[in-house]
Amino acid sequence: MEGMSASGGRGGLILALNSGSSSLKFGLYSHGKLDEEPVLSGSATGIGRDNGDLHIRAANGKMLVQHECIHESQLDALATLAAEIQQCADDVPVAVGHRIVHGGPKLTTHQRITPEVQDHLGAATHFAPLHIPQSLALIASAQKIFPSAMHFACFDDAFHQTIPEVASHFALPQRYFDAGIRRYGFHGLSYASLVHHFGAQLPARAIFAHLGNGASLCALRDGKSIDTTMGLTPTGGIPMGTRSGDLDPGVLIFLMRNEKLSADDLEDLLNHKSGLYALSGGESDVKALQERASAHDAVAALALDVFAVAIRKTIGAYIALLGGVELLVFTGGIGEHSELIRSAATKGLESLGLTADKIQVVAAQEELQIARECREMMRAAD
């Protein structure tokens, strides 16, 4: 697809790219009268492993591509997806939207990618060393594959720019806040898609829970984020699949002093070897843990309990913060598919006014939200 020219003007196709740690999801959208309309969707999974696969569906749900496909990197996966899209779509995208987890302190709104934006993103690598280098490489590759398309950065923390200072400040000297050490929050594209989903029906006091391998919660007043669990990085908040969530800072000091762990060692431990994975003895998949727990595996049951109780405590805290709750939404892979976790996470909260009729499950639509944001930026540029 090198050298292809896009056509279709501001109403042309938009390609949304959603990069994960071992997956690359995408959605191709056309401009409809009321909303972005899906043309193709799919993903490459198992990136960097020997059991990867690739699938692409048409808008009507028909499977167009499905086969095992080993990809060494996100760049390999993008090249494969681009080639398949070329075969399945009638036109090439006029815009490509990239989900960027963290923009650092200078990139706080969705925007068109320019050399200056890429420079700022590169300078912010220390805020998200596991994510930003990968994002920069993916952007550069996509720009080569789709050279005539406009490329946009959609930041996962942009949604949380509305949180007040009481929520964004850590209890550290002001100079650290001035240097960008603050609560950013993530999963913003997922939360923005939920706000769009409910529209005028979204009540004043709502709590959203995006539960997947990465997991967070958000308190919303009048559709705006006022607090969220993740902090400076996506490692903070509740325990997750392989991430620790919040810890007593003294734990880190203890590990540095007594285990002689370096910063890189700690980063690997907290992001890849903690959470459900650590609690269960090596399993991060909730479905697998539920099967083990149903077979009276006490270790698996404990891991699930720790996860669910952390969610329940946060929901309770957010009900107090909001002065009540009118809607609780579960989304993300676990939030959508694990009734056990939803039930355990809301157990006993009736006393705080959270009744069953206030709880809903809604599918995450991050790629669709990326397309919406890109179309709005294209429209604003006219």
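**Reading contacts and angles in a predicted model**

In this predicted model, Arg-182 lies over the face of Tyr-184, at 4.6 Å from the ring centre.

Q: What makes Arg-182 count as a charge over the ring of Tyr-184?
A: The CZ atom of an Arg must be within 6 Å of the ring centre. Arg-182 is placed at 4.6 Å from the centre of the Tyr-184 ring, over its face.

Q: Why is the pair of Phe-159 and Tyr-191 called tilted?
A: The structure holds three aromatic pairs. In this one, the ring centres are 6.3 Å apart, within the 6.5 Å limit, and the planes meet at 45°, which is neither under 30 degrees nor over 60, so the pair is tilted. Phe-159 belongs to the loop between strand S8 and helix H4, while Tyr-191 belongs to helix H6, 32 residues apart. Both Phe-159 and Tyr-191 are buried. Ring pairs also bring Phe-208 into a cluster with Phe-159 and Tyr-191.

Q: Why is Asp-222 called exposed?
A: Its relative accessibility is 57%, and exposed means over 50%, so Asp-222 counts as exposed. Asp-222 is found in the loop between strands S10 and S11, and has a positive phi of about 55° although it is not a glycine.

Q: What makes Lys-260 exposed?
A: Lys-260 has 66% relative accessibility, and the cut-off is over 50%, so Lys-260 is exposed. The loop between helices H7 and H8 holds Lys-260, whose phi is positive, about 60°.

Q: Why is a positive phi worth noting outside glycine?
A: Most residues other than glycine have a negative phi.

Technical notes
Residues numbered from 1 in each chain as written. Predicted model: local features only at pLDDT ≥ 70, side-chain atom pairs only at ≥ 80, totals over all residues. Heavy atoms only, no water. Helix = DSSP H or I, 4+ residues; strand = E, 2+ residues; numbered from the N terminus. Buried < 20%, exposed > 50% of the residue type's maximum accessible area, 1.4 Å probe, protein only. Phe/Tyr/Trp six-rings, centres within 6.5 Å; stacked < 30°, edge-to-face > 60°. Lys NZ or Arg CZ within 6 Å of the ring centre and 35° of its normal.
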